[in-house]
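Colleague: I would like to learn how to read contacts in a model like this one. Please take me through it feature by feature.

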Amino acid sequence: MFDDLRELYQEVILDHGKNPRNFGAMDDANRAARGDNPMCGDRITVYLSVDDEGVIREATFSGQGCAISTASASMMTEIVKGKTVDDAKELFQSFHNMCTKDHCDMSAHEESDPDAVERLTVLSGVRQFPVRVKCATLAWHTLNAATTSADEAEPETVTTE
Ligand code: ZN
C-alpha cells in the first residue's frame, strides 16, 4: 500500500472506530440481524428501517468489536441509507471483491455513488491483512442477512466463514 493510502486508511478506521455513526439499537426497525466473527470476537447487530418501496430509510448498529469491524459498520450505515436493498446488496458484492481480489472494477458504482466507492476503497486496504477481511465485511454480511429477514422476526445470526 502507498504511504498516503495507508495513512488515510488508519485515519478513517480510527475516526469511525472511536466515534461510530448511527450506533445504537433502533426501536422501530423492521429488519434486523446479528453478525458474529468468532475469529476476532466481533459481534454486531444491524437494524434497518425499510419502506414499502424497498428503500433503506434508516440503518443503525450495536454491539462490540475491533476498530475495523466498528469502522466498517459505521461507514456502512451511512452508505446504505437512502439506497434500495438491491443496490446495497450489489455494493456489498463489489466491496467483498475489493477486499479479496487484486483487481475489482468499481466503475458501475462510481457514477451513482462516488463517495461510497472512495470510502470502500479505503476500507478495502484490509486486503493486505487477510485475517482482517472478516472484520471489514462482517457488517455487510449482517446487512445482507437483515435485508432478507422477515418483518419483526427474531434476528437471525450470521457467522462469517
Ligand atoms: Zn475484528
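Colleague: Is Phe-23 buried, exposed or partly exposed?

Modeller: Buried means under 20% relative accessible area, exposed over 50%, partly exposed in between (1.4 Å probe, protein chains only). Phe-23 is partly exposed, at 47%. Phe-61 is buried, at 1%. A word on the source: this is a predicted model, where local features need pLDDT of at least 70, side-chain atom pairs count only at pLDDT 80 or more, and totals for chains, interfaces and linings use all residues. Residues are numbered from 1 along each chain as its sequence is written, and side-chain values use heavy atoms, with hydrogens and water left out.

Colleague: How many aromatic pairs are there?

Modeller: Rings of Phe, Tyr and Trp (its six-membered ring) pair if their centres lie within 6.5 Å; planes under 30 degrees apart are stacked, over 60 edge-to-face, the rest tilted. The count is three. Phe-23 and Phe-61 make an edge-to-face pair, with 5.1 Å between centres and 80 degrees between planes. Phe-23 sits in the loop between helix 1 (3-18) and strand 1 (31-37), and Phe-61 in strand 3 (residues 56-64), so the pair ties together parts 38 residues apart in sequence. Helices (H or I, at least four residues) and strands (E, at least two) are DSSP runs, numbered from the N terminus.

Colleague: Which residues form a cluster through ring pairs?

Modeller: Phe-92, Phe-95 and Trp-140. Both Phe-95 and Trp-140 are buried.

Colleague: Which residues coordinate the zinc ion?

Modeller: Donors are N, O and S atoms within 2.8 Å of the metal (3.2 Å for Na, K and Ca); water is not among the atoms, so sites may look incomplete. Here Cys-40, Cys-66 and Cys-135 each give SG, and Asp-42 gives OD twice, at 2.2 to 2.7 Å. The spacing along the chain is C-x1-D-x23-C-x68-C. Asp-42 in strand 2 (residues 42-50) and Cys-135 in helix 6 are 93 residues apart. Asp-42 is buried, at 0% relative accessibility.

Colleague: And charged pairs?

Modeller: Side chains of opposite charge can pair when their charged atoms come close. A salt bridge is a side-chain nitrogen of Lys or Arg within 4 Å of a carboxyl oxygen of Asp or Glu. The count is eight. Arg-21 meets Asp-15 at 2.9 Å, N to O, and Glu-78 at 3.9 Å. Arg-21 lies in the loop between helix 1 and strand 1 and Glu-78 in helix 2 (residues 67-80), so their pair ties together parts 57 residues apart in sequence.

Colleague: Which residues are linked in a network of salt bridges?

Modeller: Asp-15, Arg-21, Glu-78, Asp-115 and Arg-119.
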